[in-house]
Amino acid sequence: MTQPKHNVVIFLGPPGAGKGTQAERLAQDKGLVKISTGDILRDHVVRGTDLGQQVKPILDAGQLVPDDILIALIRDKLASMDAVRVIFDGFPRTGAQAKELDVLLEELGAPVSAVPLLEVPDQVLIDRIVDRGRQAAARGEAVRSDDTEEVARRRQEIYREQTQPLIDYYSARGQLTRVDGVGSMDEVYGRILGSMK
């Protein structure tokens, strides 16, 4: 069976839900390029680019980067592809971003294929994020500035405030599938694959 030329998967879920890990696996299995705006932005911060210096205080405060910056990053990334075969991790985060992305994808003739939503209870998420910071510190690695309980709680609040309309947006279009994000990595991955059939 041949794969469709374009395949656009939008992975939704709160910070700490395991989207990054699962998206990585799905990208490898399905031949998709994983696009994480968080990874792209953190790379700019590490390299000390103008954009990195601009967004570092925003990221450190646990706030969201303005839409125009993110859309420009995505447009630049997708425009260089022959076939748009991507999985978005952490983007879009708002209804406005979703609409902008739809316009961009329409221009490229690459509609959204699937929108799995990983669902995990708040306290489980906060525990995971704080634990990620502890483990990094134990390994002698730099702890991400957003891996603290205070920032984690704030990010959950921002996620709920800003992302609920996005969930409603994709639900209304019949593209959203809810996936239980609690369980082993393999169990959750199996549910994600099942949601995309």
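**View 1. Helix H2 meets helix H3 in this predicted model.** Three residues of H2 are Leu41, His44 and Val45, and these meet Leu51, Gly52, Val55, Lys56 and Leu59 of H3. By class, the residues of this contact divide into five nonpolar, two polar and one charged. H2 covers residues 37-47, and H3 covers residues 50-60. Their axes come within 8 Å and cross at roughly 115°. That angle makes H2 roughly perpendicular to H3. The crossing of H2 past H3 is left-handed.

**View 2. Five strands form an open sheet.** The order is S2-S3-S1-S4-S5, and the pairing is parallel. Strands S2 (33-36) and S5 (176-180) stand at the edges. Each has a single partner strand, so one side of each is left without a neighbour in the sheet. From one strand to the next, the twist averages 25°.

**View 3. Edge strand S2 pairs with strand S3.** Strand S3 spans residues 85-89. Four bridges join S2 and S3, and the sense is parallel. One residue to look for is Ile35, whose bridge partner in S3 is Phe88. In general, strands of a sheet pair through backbone hydrogen bonds, either parallel or antiparallel.

**View 4. Helix H7 packs on the sheet.** This helix runs over residues 149-172. H7 touches three strands: S1 (7-11), S4 (112-119) and S5. The direction of H7 makes about 125° with that of S5. S5 is also where confidence in the protein chain is highest, at a mean pLDDT of 95.

**View 5. Helix H5 packs against helix H7.** H5 covers residues 95-108. The axes of H5 and H7 lie 8 Å apart, at an angle of about 45°. That makes H5 oblique to H7. H5 brings Gly95, Ala98, Lys99, Leu101 and Asp102 to the contact. From H7 come Leu166, Tyr169 and Tyr170. The classes here are five nonpolar, one polar and two charged residues.

**View 6. Helix H4 packs against helix H5.** The angle between H4 and H5 is about 25°, and their axes are 11 Å apart. H4 is therefore roughly parallel to H5. H4 passes H5 in a right-handed crossing. On the H4 side, the contact residues are Asp67, Leu70, Ile71, Ile74, Arg75 and Leu78. On the H5 side, they are Ala96, Gln97, Glu100, Leu101, Leu104, Leu105, Glu107 and Leu108. This contact has nine nonpolar, one polar and four charged residues. Leu101 of H5 appears in this contact and also in the contact with H7.

**View 7. Confidence along the protein chain.** The mean pLDDT of the chain is 87. A value of 70 or more is reached by 97% of the residues. Confidence is lowest in H4 (residues 67-79), with a mean of 83. The highest mean, 95, belongs to S5, a strand at the edge of the sheet.

Terms used
Residues are numbered from 1 along each chain as its sequence is written. This is a predicted model: local features need pLDDT of at least 70, side-chain atom pairs count only at pLDDT 80 or more; totals for chains, interfaces and linings use all residues. Side-chain values use heavy atoms; hydrogens and water are left out. Axes are lines fitted to C-alpha atoms, for helices over the stretch in contact, and angles run from 0 to 180 degrees between N-to-C directions. Helices (H or I, at least four residues) and strands (E, at least two) are DSSP runs, numbered from the N terminus. Angles under 35 degrees count as roughly parallel, over 145 as roughly antiparallel, 65 to 115 as roughly perpendicular and the rest as oblique. A crossing is left-handed if the near helix is turned anticlockwise from the far one by less than a right angle, and right-handed if clockwise. Contact means heavy atoms within 4.5 Å. Ala, Val, Leu, Ile, Met, Phe, Trp, Tyr, Cys and Pro count as nonpolar, Asp, Glu, Lys and Arg as charged, and the others, Gly among them, as polar. Two strands pair if DSSP finds at least two bridges between them. pLDDT is the predictor's confidence in each residue, from 0 to 100.
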